[in-house]
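Good morning, everyone, and thank you for making room for me on the agenda. Please have a look at the sequence and the structure on the screen, and then I will walk you through a few parts of it.

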Amino acid sequence: MRKIFTLLTLLCLCCGAFAQTAPDEVVTFRFVPGDDMFYIPWEGNDAELNRLYSLLDRYRSEITDGAIPVYVDGYSPTKSLSFIRANRVKSEMILHKGLREDNFITRNFATAYTAPEGTVYKNMVVVTLQIPATPEPRPEPKPQKPEPQPDPDPVTEPQPEPIAEPEPMPEPAPTASWWQNEPYRLAVRTNLLYDGFGLPTLGLEYRINRHVGIKLDGSRSWWGDAGGKVQKIWLVSPEVRWYLLDSKRLYVGAGANFGKYNIYKYPVGGLFSSDTGYQGKIWSAGATVGYQLYLSPCFSLDFNVGLGYTHSEYDSFNIENGERVNKDRDKTKTLWGPTQAGVSLIWTIGNK
């Protein structure tokens with residue numbers, strides 16, 4: 001009976017040692033549907049990135065020695081979008097943790113990702129660290145009286161699950177350039193609010209880098225009729241912007257306006273008086289604040305308002321029997337208040 005008990009004890013110790021497995025460490029990142037940008041504070045990505053950094057610091061030597069490969073799996077409706085998103089996540093680890101491309105095994109899937117609890121995600125990048133098992137030391141068996149012992153049956157070591165061969169992938173694009181994480185390089189824009197008042201507007205914005213952009217809008221209307229109604233305006237509006245936060249959609253800026261006007265009736269003239277016209281020149285300067293609302297990878301809405309100082313020099317007039325009759329000459333008007341407002345549709349060109 002003692003022999004049987006000793007044999008069972010040895011078998012349990014061996015099986016227990018081989019059954020010890022370390023769980024895989026899995027980190028998940030969410031992506032905006034249809035977008036390939038890696039928005040770090042969005043949907044808890046910042047907390048997941050900090051957890052990933054902690055794992056990379058803990059297992060750095062094993063990763064760089066090749067003992068622990070870092071699996072980066074992209075899930076999206078298309079393999080091309082999965083490839084770009086996976087490279088965005090790898091770029092964070094390469095730039096901030098000093099890893100190399102040969103530390104990764106990249107796989108891209110045109111399918112959804114199913115989490116362990118059963119939730120399905122269509123836009124996800126999953127980073128997995130397969131931590132090797134570290135068996136606990138076996139306790140030494142108690143010494144037995146010398147007597148012949150039968151050899152224990154051999155214990156078959158469990159075999160690891162086969163790992164799918166990664167798909168051959170092209171070399172990722174360089175990630176050190178500043179424009180890799182830039183929302184866009186160039187934008188063509190029109191102010192829908194000005195357009196609605198019969199003052200067509202067209203502008204351009206160039207992003208010097210992720211944080212600074214230069215915008216220039218031009219507006220011009222040239223309307224008139226035989227009854228004396230007139231709306232002849234030209235306006236130039238330069239602005240320098242500083243984009244804030246990680247998403248780079250909120251901004252503050254410094255802007256100005258320069259132009260001339262001749263208005264009576266029509267939409268703009270009706271805002272000031274129903275029976276008086278104005279002709280003169282205007283300039284203003286002040287601070288602006290705005291936000292760009294994402295619509296698609298190529299289009300956004302830009303909401304902005306400006307406050308500051310405005311100066312205008314003008315003549316006023318009436319129309320009597322189809323003739324212009326002057327009322328006041330060489331008048332001046334200054335005020336502190338709104339200098340501009342806009343709801344602009346922008347078409348972005350370059351990285352999104």
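Let me begin with a question: are arginine 189 and aspartate 302 buried or exposed? Both of these residues are buried, and I would ask you to keep the pair in mind while I step back to the chain as a whole. I should also say at once that what you are looking at is a predicted model.

The chain contains six helices and 14 strands, and of its 352 residues, 36% are buried. If we take the contacts in the chain with a separation of 6 or more, 66% of them are between residues that lie 24 or more positions apart. The accessible surface comes to about 20400 Å², and carbon and sulfur atoms account for 61% of that area.

Now to the nonpolar cores. The largest nonpolar core has 23 residues, and the members that touch the most others are Phe29, Leu52, Met93, Val127 and Leu129. At least two residues of this core come from each of the following elements: strand 1 (25-30), helix 2 (45-58), strand 2 (70-75), helix 4 (79-97) and strand 6 (124-129). Which helix gives the most to this core? That is helix 2, with five residues. If we look at leucine 52 and leave aside its neighbours within four places in sequence, we find it in contact with Val27, Phe29, Met93, Val127 and Leu129. There is also a second, separate core, made of eight residues, and among them are Tyr194, Leu199, Leu235 and Tyr261.

Let us return to the charged pair from the start. As a general point, side chains of opposite charge can pair when their charged atoms come close. In the whole structure, a search finds 17 salt bridges, and one of them joins the side chains of arginine 189 and aspartate 302, at 3.3 Å from N to O. Arginine 189 sits in strand 7 (residues 186-191) and aspartate 302 in strand 13 (residues 299-320), so that this pair, 113 residues apart, links distant parts of the chain.

Aspartate 302 also forms a salt bridge with arginine 241, at 2.8 Å from N to O. Here again distant parts of the chain are linked, as aspartate 302 belongs to strand 13 and arginine 241 to strand 10, with their positions 61 residues apart. Arginine 241 has a relative accessible area of 0%, and therefore it counts as buried. Its side chain makes a polar contact of 3.1 Å with the side chain of glutamate 239, and another, of 3.4 Å, with the side chain of tyrosine 243. Not counting residues up to four places away in sequence, arginine 241 touches a number of others, including Arg189, Glu205, His211, Lys215 and Asp302.

For comparison, please look at lysine 281, which forms a salt bridge with glutamate 313, where the closest N and O atoms are 3.9 Å apart. Lysine 281 lies in strand 12 (residues 277-294) and glutamate 313 in strand 13, so this pair ties together parts that are 32 residues apart in sequence. Why does lysine 281 count as partly exposed? It does so because its relative accessibility is 44%, and glutamate 313, with a relative accessible area of 36%, is partly exposed as well. Elsewhere, salt bridges that share partners join Arg189, Glu205, Lys215, Asp217, Glu239, Arg241 and Asp302 into one network.

Let me turn to a charged residue without such a partner. Lysine 248 is located in the loop between strand 10 (230-244) and strand 11 (250-264). It is buried, and yet it has no salt bridge, the nearest side chain of opposite charge being that of aspartate 246, 5.8 Å away. The side chain of lysine 248 does, however, have a polar contact of 3.0 Å with the side chain of histidine 211.

My last stop is alanine 110, in the loop between strand 3 (104-109) and strand 4 (113-114). With 40% relative accessibility, alanine 110 counts as partly exposed. Leaving out residues up to four places away in sequence, alanine 110 touches Ser76, Pro77, Thr78 and Lys79. Measuring from C-alpha to C-alpha, alanine 110 is 8.6 Å from leucine 81, although the two are 29 residues apart in sequence.

Thank you for listening, and I am happy to take questions.

Definitions and conventions. Residues are numbered from 1 along each chain as its sequence is written. This is a predicted model: local features need pLDDT of at least 70, side-chain atom pairs count only at pLDDT 80 or more; totals for chains, interfaces and linings use all residues. Side-chain values use heavy atoms; hydrogens and water are left out. A nonpolar core is a set of buried Ala, Val, Leu, Ile, Met, Phe, Trp, Tyr and Cys residues joined through side-chain atoms within 4.5 Å. Buried means under 20% relative accessible area, exposed over 50%, partly exposed in between (1.4 Å probe, protein chains only). Helices (H or I, at least four residues) and strands (E, at least two) are DSSP runs, numbered from the N terminus. Contact means heavy atoms within 4.5 Å. Lys and Arg count as positive and Asp and Glu as negative; His and the chain ends are not counted. A salt bridge is a side-chain nitrogen of Lys or Arg within 4 Å of a carboxyl oxygen of Asp or Glu. A polar contact is a pair of N or O atoms within 3.5 Å; within protein, one must be able to donate a hydrogen and the other to accept it, and residues adjacent in sequence count only if both atoms are side-chain atoms. Accessible areas come from the Shrake-Rupley method with a 1.4 Å probe; for residues, only the protein chains shown count as cover.
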